[in-house]
Amino acid sequence: MGGLVCGELGARWQCAALALVLAGAVAVSGCTAGGNLFGASSPAAPENTTTSGTKTSFTDRMTSFFAGNSANPAPPGTGMAGPTTDLDCPTIDIRQGASTYSVAAPGQEANATNLRYQASIARASRECAVLGATMTIKVGVQGRVLLGPAGGPGQVDVPIRLALVSEGVEPKTIWTKLYRIPVTMPPGQTNVSFVHIEEDMTFPTPSATEVDSYVIYIGFDPSGAQEPERRAPKAKKR
């Protein structure tokens, strides 16, 4: 489901549109986190639309960054400049094989005739800040949803996972979260962009040596979106 359907369709308009979207993608290496694609799963989180003063500032910088010239993308793993710290900010890796997400009719595999929507991740950015014993990373993701031959106006939920992994002989997941991002395709349009911002990827501050092994993985995770949410067990009645 996460594979690229553009080549199968042979539709020039969709291939051209998707090529423009992916032209601004961050060039990344094919690191492997081990285990499943993104490490341990966590309950899905709804899209956060609340805007605080801090998030507005970060959102403004994200908007400016994403509105830049996609013909000259940022160097791999760097993204937008952020607050300076004594530690390097972990690099970003948009997962190959998880950078696109295809949606067909329920119970069907996406193909050239039943494709409704195809989403792709175009660009990503982050900024880091250290406050004592904790380090916080703000991550922004820009993507686009294309209308397929069987699609139409409506809403599609895009499952995106962020994961911070310490790579090595035994990779370790430091932080992970799944999001279901609602994207609405208006009538008369064949594609629409979306932006998701996570401003609280907080974890214990690593050493200068440890942080060099940290990687922020981004990708679509449809299998994780199908997992039931974990609920706390009910207290037993006495």
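Two strands pair if DSSP finds at least two bridges between them. Strands (E, at least two residues) are DSSP runs, numbered from the N terminus.

This is a predicted model: local features need pLDDT of at least 70, side-chain atom pairs count only at pLDDT 80 or more, and totals for chains, interfaces and linings use all residues. Residues are numbered from 1 along each chain as its sequence is written, and side-chain values use heavy atoms, with hydrogens and water left out.

**Exercise 1. Trace the pairing of E6.**

Step 1. Take E9. E6 and E9 are antiparallel, with seven bridges. Leu-164 has Ile-216 of E9 as its bridge partner.

Step 2. Take E7. E6 and E7 also run antiparallel, joined by 13 bridges. Asp-157 sits opposite Pro-182 of E7. A hairpin of five residues links E6 to E7.

Step 3. Check the cover. Ten of the 13 residues of E6 are buried (under 20% relative accessible area, 1.4 Å probe, protein chains only).

**Exercise 2. Describe the largest nonpolar core.**

Step 1. Fix the term. A nonpolar core is a set of buried Ala, Val, Leu, Ile, Met, Phe, Trp, Tyr and Cys residues joined through side-chain atoms within 4.5 Å.

Step 2. Find the hubs. The core holds 35 residues; Val-145, Val-158, Met-201 and Ile-218 touch the most other members.

Step 3. Assign strands. Those supplying at least two residues each include E2 (91-94), E6 (154-166) and E9 (214-220). E5 gives the most, six residues.

**Exercise 3. List contacts of Met-201.**

Step 1. Contact means heavy atoms within 4.5 Å.

Step 2. Skip residues up to four places away in sequence. Met-201 then touches Met-135, Thr-136, Ile-137, Val-139, Leu-162, Leu-164, Trp-175 and Ile-216.

Methods:
Buried < 20%, exposed > 50% of the residue type's maximum accessible area, 1.4 Å probe, protein only. Helix = DSSP H or I, 4+ residues; strand = E, 2+ residues; numbered from the N terminus.
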